[in-house]
Amino acid sequence: MRPFRFGVALYVPGSRAELMAKCRQAEDLGYDVVGVVDHLGRVAPLPTLLLAAEATERIRLNTYVLNASFHNPVLLARDLAALDEFTGGRLEIGMGAGYVREEFEAAGIDWGTPGRRFGRLADLVTEVERTFAGRSRPPLLLGGRGDRMLTFAAAHADTIALTGTAPGAAEGRLALAGPAALAERAGFVKRVLGGRDAELNLMVHFVRITDDRRAALEAAHELVPHLGVEELGALATVLAGSAEAVAEQLRHTRETLGASYFTVLEDDLTRLAPVIEKLR
């Protein structure tokens, strides 16, 4: 069983001082990874990770996740190789196929078919593997939900990231997969890995450390109305309750789904900290 790892995904633009302070805070709180999203209107991933390396000492640095359609594979692979060197080998490369149609349109990039978007990702992975051939490649994280994406990730990735979303989230709407659907996706990953060892990452969408678990789950229900309160309470992507109860929930998720690496958005940076402390 793999040890726990915890990551935080930054997305809010800010000044140099503000971003560096958040990265230092993540390291001080015991996080293992600082990630940066790749969305228009959000913080730029590669410059931010270079700044994060300057602000911190040990924490890993991850693109969580680069939209393959936004980048020229040859040029991006060059920049990732430089970033890995300049961060002292702390880089982890996360990539995905992209899912927000409006961002593609705003950037003047053809939305195309799912197969076309997957093809761009496959091209990018091929170029990254070529660029790092003959030297140590940073760990590769590939994220997604569908069979084709997860099968590809099982063949290439060191870490496979489950989004924990349902089909309704395909174009940017928050729709969480229910407990049975998430368990099915984790089981599919295990099957397509075919015995190969890979880390499983899970995006946590809601964290509330509180003695009033019911109230926290009702607040989550307002954000995710298609799932009932009881369903949300059984969901690995929703963490609500005391620090000890949430720590036990994460232990259970690791045992049942095989996920050992959990990522939260920066809104939940401090909320998860007491749980991380208990699980060390």
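A polar contact is a pair of N or O atoms within 3.5 Å; within protein, one atom must be able to donate a hydrogen and the other to accept it, and residues adjacent in sequence count only if both atoms are side-chain atoms. This is a predicted model, so local features need pLDDT of at least 70 and side-chain atom pairs count only at pLDDT 80 or more, while totals for chains, interfaces and linings use all residues. Residues are numbered from 1 along each chain as its sequence is written, and side-chain values use heavy atoms, with hydrogens and water left out.

**Exercise 1. Place T48 and describe its surroundings.**

Step 1. Find the element. T48 sits in helix α2, residues 45-55. Helices (H or I, at least four residues) and strands (E, at least two) are DSSP runs, numbered from the N terminus.

Step 2. Check burial. Buried means under 20% relative accessible area, exposed over 50%, and partly exposed in between (1.4 Å probe, protein chains only). T48 has a relative accessible area of 5%, so T48 is buried.

Step 3. Look for a polar partner. The T48 side chain reaches the backbone oxygen of A44 at 2.5 Å.

Step 4. List contacts. Contact means heavy atoms within 4.5 Å. Leaving out residues up to four places away in sequence, T48 touches L19, V36 and V43.

**Exercise 2. Work out how strand β1 is paired and covered.**

Step 1. Count the buried residues. β1 spans residues 5-10, and 6 of its 6 residues are buried.

Step 2. Separate the faces. R5, G7 and A9 are buried on one side. F6, V8 and L10 are buried on the other.

Step 3. Identify the neighbours. Two strands pair if DSSP finds at least two bridges between them. β1 pairs with β11 (residues 261-265) in the parallel sense, over 5 bridges. β1 also runs parallel to β2 (residues 33-36), joined by 4 bridges.

Step 4. Pick out bridge partners. F6 is bridged to F262 in β11. A9 is bridged to G35 in β2.

**Exercise 3. Trace R185 from its helix to the largest cavity.**

Step 1. Place R185. This residue belongs to helix α7, residues 179-193.

Step 2. Decide on burial. The relative accessible area of R185 is 14%, which means that R185 is buried.

Step 3. Follow the side chain. From R185 it reaches the backbone oxygen of R145 at 2.8 Å. Beyond residues up to four places away in sequence, R185 touches R145, G146, D147, L150 and L162.

Step 4. Turn to L150. L150 is one of the buried residues of helix α6 (residues 147-156), with M149, F152, A153 and A154. Their cover includes α5 (114-131), β6 (140-144), β7 (159-162) and α7.

Step 5. Search for enclosed space. On a 1 Å grid over the protein atoms alone, a cavity is a set of points where a 1.4 Å probe fits but cannot get out; a pocket is an open set with protein on both sides within 12 Å along at least five of seven lines; lining residues have an atom within 4 Å of a point. The whole structure yields 1 cavity of 30 Å³ or more. The largest cavity holds about 50 Å³. Grid points are joined across faces, edges and corners, and a volume is the space filled by probe spheres set on the points.

Step 6. Read the lining. R185 is in it, along with G144, R145, L162, T163, G164, T165, A177 and L182. The lining divides into 3 nonpolar, 4 polar and 2 charged residues. Here Ala, Val, Leu, Ile, Met, Phe, Trp, Tyr, Cys and Pro count as nonpolar, Asp, Glu, Lys and Arg as charged, and the others, Gly among them, as polar.

**Exercise 4. Describe the second largest pocket.**

Step 1. Take its volume, about 420 Å³.

Step 2. Inspect the lining. It has 21 residues, and K190, L193, A198, L257 and G258 lie nearest the centre. By class there are 9 nonpolar, 5 polar and 7 charged.

Step 3. Assign elements. α7, β8 (199-204) and α10 (243-257) each supply at least two lining residues. α7 gives the most, with 6 residues.

**Exercise 5. Set out the burial and surroundings of A240.**

Step 1. Place A240 in strand β10, residues 238-241.

Step 2. Use the area. A240 is buried because its relative accessible area is 3%.

Step 3. Look along the chain. A240 and I209 are 31 residues apart in sequence, yet 5.8 Å apart in space, C-alpha to C-alpha.

Step 4. Name the contacts. Residues up to four places away are not counted; A240 touches R208, R213, A216, L217, V246 and Q249.
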